[in-house]
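Reader: I should like to learn how to read burial, cores and helix packing in a model. May we work through one case?

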Amino acid sequence: VANDVAMQVAAMKPLVAHRDMLPADVVEKERELQREMARAEGKPENIIEKMIEGRMRLFYEQRVLVDQVF
């Protein structure tokens, strides 16, 4: 198991092990970036929050070890 976890960390290079370890300002900055991108795409405001939740799941999958698919 330890070998598999080490291989996962080496391959995916997560920033942290758990979501709560991510600095709040980094998460909020990403949310705001996603919100601005959705507005630039011309998405309606009532859909933007749902889009952000989906995009944040991807953000966490890429940066948080326990959220990565393995």
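Author: The dialogue below takes up a core, a helix pair and a single residue. This is a predicted model, in which local features need pLDDT of at least 70, side-chain atom pairs count only at pLDDT 80 or more, and totals for chains, interfaces and linings use all residues. Residues are numbered from 1 along each chain as its sequence is written, and side-chain values use heavy atoms, with hydrogens and water left out.

Reader: Which residues form the largest nonpolar core?

Author: In soluble globular proteins, nonpolar side chains tend to be buried together. A nonpolar core is a set of buried (under 20% relative accessible area, 1.4 Å probe, protein chains only) Ala, Val, Leu, Ile, Met, Phe, Trp, Tyr and Cys residues joined through side-chain atoms within 4.5 Å. Here the largest has eleven residues, including Val-16, Leu-22, Ile-48 and Phe-59. Helices α2 (24–40) and α3 (45–63) each give two or more residues to this core, and α3 gives the most, with six. Helices are DSSP runs of H or I, at least four residues, numbered from the N terminus.

Reader: How are α2 and α3 oriented to each other?

Author: Axes are lines fitted to C-alpha atoms over the stretch in contact (heavy atoms within 4.5 Å), and angles run from 0 to 180 degrees between N-to-C directions. Angles under 35 degrees count as roughly parallel, over 145 as roughly antiparallel, 65 to 115 as roughly perpendicular and the rest as oblique. The angle between α2 and α3 is about 130°, with axes 9 Å apart; the pair is therefore oblique.

Reader: Is Gln-8 buried or exposed?

Author: Gln-8, in helix α1 (residues 2–12), counts as buried because its relative accessibility is 12%.

Technical notes. Buried means under 20% relative accessible area, exposed over 50%, partly exposed in between (1.4 Å probe, protein chains only).
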